[in-house]
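Visitor: Please take a close look at one part of this model, and follow its side-chain pairings and its packing outward from there.

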Amino acid sequence: MVNAQNSPRLPLEGSLEAVRETLRAALRDVPPPLLDMTAYLSETEGKNLRALLLLASASDDEGTVPREAVTAAAAIELLHLATLVHDDVVDDADVRRGAPSLKSRFGNKAAVVCGDYLFCKCFSMVADIARRFEDQYQLVARAVTKICLGELREIQHNRDTGLTVRQYLKIIAGKTSAMFALAMYTGAMLRGDEPLRVRRLARAGHYIGMAFQLIDDCLDYETDGATLRKPVQNDLAEGVVTLPLILALAEKPELRDVVGRGLSPKEAADIAAQVIALGGVQRTKDVASRYCDKAARLIERETAGARREWLLRLLEKTRVRVY
């Protein structure tokens, strides 16, 4: 494992702004046909949780991070942005982060091409880092592969009211948690942690990603659109089967016939109310909480000092998030 202690460093506190500026610069540095689209994407910023997990995982005992971690964190946010652009095309979603989605503003074909370009840009940004970690060169590619397979499994199981808990957890292990695991793996690798610790922190990232998605599934049932900054009950209306629904269907199987076809907004709202009443949302929150507990145990065992405090703070934000 390459030691990063001699690399240029900057304080962890405030490093997220350096990531955001790096990301904005990457979105400006594009060919003219893409400039309007990437400029539009740069107008809104997400929670940057993946970037923060990478930065915290890369931090040392003095509370600083290697400059390479800023580049890697910006690249992983670019990767995340690319998947969101494609997701909105696949899901026919008109709203993202409280504004019209890229596909809604520029059309499906342009959005797909822009998403493809962002994937390429991500790989380009990490090329120099990958040369230093030749044995880890395939990391991003493997993560993207898992994400794509997770998305494909979700599409294949659209309106599948027979989807099991095990099958659903496998879907989100690829679709969502793979990127969280990649973030913490990369941060620990750049810090210079020994291989076993790097893998264990990646496992913690996996647990955080699983919890993040499960909580997101619950928010789709419980939170209003203005708070969530995207349409609520959209998964249900579009036939996307998530854990709250799976658990509710186990309690009331007769709902399968209704959910298995297209739902009007009124029908979706009625089903959502029943999912909550049947305990699907609360039981999903309980599963998410167990994933958070597993992540906390690994973080407490594998880290110390300010690094541990930062990671646990980010974990708590995941546990209690409301949008």
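Guide: Glu 222 has a relative accessible area of 42% and is partly exposed, a class that lies between buried (under 20%) and exposed (over 50%), computed with a 1.4 Å probe and protein chains only. The model is predicted, so local features need pLDDT of at least 70 and side-chain atom pairs pLDDT 80 or more, while totals for chains, interfaces and linings use all residues. Residues are numbered from 1 along each chain as its sequence is written, and side-chain values use heavy atoms, without hydrogens or water.

The side chain of Glu 222 forms a salt bridge with that of Lys 285, at 2.8 Å from N to O; the term requires a side-chain nitrogen of Lys or Arg within 4 Å of a carboxyl oxygen of Asp or Glu. Because Glu 222 belongs to helix 11 and Lys 285 to helix 17, the pair ties together parts 63 residues apart in sequence. Helices here are DSSP runs (H or I, at least four residues), numbered from the N terminus. Lys 285 is partly exposed too, at 31% relative accessibility. Helix 17 also holds Lys 294, which is partly exposed at 35%.

Another pair involving helix 11 is Asp 216 with Arg 321, whose closest N and O atoms are 3.2 Å apart. Asp 216 lies in helix 11 and Arg 321 in the segment after helix 18 (305-320), so this salt bridge connects parts 105 residues apart in sequence. Here both partners are buried: Asp 216 has a relative accessible area of 15%, and Arg 321 has 12%.

Helix 11 (195-222) and helix 17 (280-302) also help cover the buried residues of helix 9, along with helix 8 (139-156), helix 10 (177-191) and helix 14 (243-251). Those buried residues of helix 9 (residues 165-175) are Tyr 168, Leu 169, Ile 171, Ile 172, Ala 173, Gly 174 and Lys 175. From helix 8 comes Glu 154, buried at 12%. Beyond its neighbours within four places in sequence, Glu 154 contacts Ile 171, Lys 175 and Val 240, where contact means heavy atoms within 4.5 Å.

Across the whole structure, the search finds 22 salt bridges. One of them joins Arg 20 and Glu 45, with the closest N and O atoms 3.5 Å apart. Arg 20 sits in helix 1 (residues 15-28) and Glu 45 in the loop between helix 2 (32-41) and helix 3 (49-58), so the pair ties together parts 25 residues apart in sequence. Glu 45 is partly exposed, at 34%. Arg 20 and Glu 45 also belong to a salt-bridge network with Glu 17, Glu 21, Arg 24 and Arg 28.

Conventions. Helices (H or I, at least four residues) and strands (E, at least two) are DSSP runs, numbered from the N terminus.
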